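I opened my notebook to a fresh page today. Here is what I looked up, written for someone meeting this structure for the first time.

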Amino acid sequence: MKWTTGLLAGMGLVLAACAQEPGHGDNPDAQAFVEYMVEKHDFDRDQLNGLMREAKRKDSILKAIKRPAEKAKPWYEYRKIFLTPQSIAGGVDFWDKNAKALTEAEKKYGVPAEMIVAIIGIETRYGGNMGGYRVLDALATLAFNYPRRSAFFTKELENFLLLTRDQGMNPIELKGSYAGAMGFGQFMPSSYRAYAVDFNGDGHVDIWTDTEDAIGSVANYFARHGWLPLEPVVVLANARPNADMTIVNDSLDANWTVGQLAEKGFTTTAQVAPDLAASVFSLETEHGKQYWIGLNNFSVITRYNRSRLYAMAAYDLAQEIVKARGGRS
């Protein structure tokens, strides 16, 4: 379906259903955006004006974006959200159904299959919940009605319209999260354009229905952010009584080395090379504080979601899925 043909047809189909919700046709910021897209990317002005009228303001999106973040939960509660019998069994099933693509992605990008599976599991329950909002509505609502992050979401709306034009997709039809994240791996439009790949070579980059493209795209994202094949992710640490607690949780990036952290009072419980890049962080368990040393690959996971809790949950889920599969390749 051509971008223009699909757009016009889609607008006719949904116009009546969305008539009760305000569009962005008269919004000055939306009008300025249209002018920018016409001048910068040679979009058709009338077509984009129609699209802005069709892009609905959703108060439910504005409420969702302002909800308190999950980071308030301690680790032992956060972990239980993502590591359940259902999430582990779902990971085994997804792996079994997509074993060929996962093996090929691991071989090409160096990212373990279990890590790819765990990310997709955490993001969308293996494709079971990719979001029910039209991406157009989500991005326009946040670009033009949420001043605190308007610049970010306006840029994402720009990328969204570019990717739909490039891929011949209908921008009205695509669904995602309240923040505009899309597909099995919940890529924002800018991440889609930078990292999503046509992994099965069919000429389209489809992260909504094509598990091969989704798997390859997550693997490519990790590889492009510096994943080091065959290297460890985290190691449990012991904190000496005189350990320098000022460096705990100081950065999501691996700004120290394992050797330097040992000198600061944090020693590893397993043997790892002292020159590996590392950081030290703490997790709150039901029995007290636990210290971990995150290595380069742990930092890479935090590039997907800037949270230590998220990264640790993804790593733990990956290990549990491997155990549940009984070592099958």
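Before listing neighbours, I noted that a contact means heavy atoms within 4.5 Å. I also wrote at the top of the page that this is a predicted model.

**Entry: neighbours of I116**

I began with I116. Not counting residues up to four places away in sequence, I116 touches L102, A105 and V111, and also I215, V218 and A219.

**Entry: the cores**

I then looked up the largest nonpolar core, which has 94 residues. Which of its residues touch the most other members? They are I116, F160, L161, F187, Y192, F222 and I301. Helix α15, residues 308-325, gives this core its largest share, with ten residues. I found another core lying apart from it, made of 15 residues. A243, L261, L276 and L295 are among the members of that second core.

**Entry: strand β6 and its partners**

Next I turned to β6, which spans residues 277-285. How many of its nine residues are buried? Seven are, so I put the strand down as mostly covered.

I checked both pairings of β6 that I had on my list. With strand β4, residues 256-257, β6 pairs in the antiparallel sense over two bridges. There W256 stands opposite A278 of β6. With strand β7, residues 288-295, the pairing is antiparallel too, over eight bridges. I looked up S279 here, and its bridge partner in β7 is G294. Two residues sit between β6 and β7, and the two strands form a hairpin.

**Entry: salt bridges**

I counted salt bridges next, and the structure holds 14. I followed three of them.

The first joins R134 and E54, whose closest N and O atoms are 2.9 Å apart. Why does this pair tie together parts that are 80 residues apart in sequence? R134 lies in strand β1 (residues 133-134) and E54 in helix α3 (residues 45-54), so the bridge links those two elements. Are R134 and E54 buried or exposed? Both are buried. I also noted that E54 and R134 belong to a network of salt bridges that includes D137.

The second is between the side chains of R57 and D59, at 3.0 Å from N to O. R57 has a relative accessible area of 33%, and D59 has one of 44%. I wrote both down as partly exposed, because that term covers values between 20% and 50%.

The third joins K155 to E158, with the closest N and O atoms 3.2 Å apart. Both residues lie in helix α10, residues 150-167. K155 and E158 are three residues apart, about one turn of the helix. I added a reminder for myself: an α-helix has 3.6 residues a turn, so residues three or four places apart point the same way. K155 is partly exposed, with a relative accessible area of 44%, whereas E158 is buried at 6%.

**Entry: back to helix α3**

I returned to α3, the helix that holds E54. Which of its residues are buried? I listed Q47, L48, G50, L51, M52 and E54. I also looked at the start of α3, where a side-chain oxygen of D44 reaches to within 3.2 Å of the backbone nitrogen of D46.

Conventions. Residues numbered from 1 in each chain as written. Predicted model: local features only at pLDDT ≥ 70, side-chain atom pairs only at ≥ 80, totals over all residues. Heavy atoms only, no water. Buried < 20%, exposed > 50% of the residue type's maximum accessible area, 1.4 Å probe, protein only. Helix = DSSP H or I, 4+ residues; strand = E, 2+ residues; numbered from the N terminus. Pairing = 2+ DSSP bridges. Core = buried A, V, L, I, M, F, W, Y, C linked by side-chain atoms within 4.5 Å. Salt bridge = Lys/Arg side-chain N within 4 Å of Asp/Glu carboxyl O. Polar contact = N/O pair within 3.5 Å; in protein donor to acceptor, adjacent residues only side chain to side chain.
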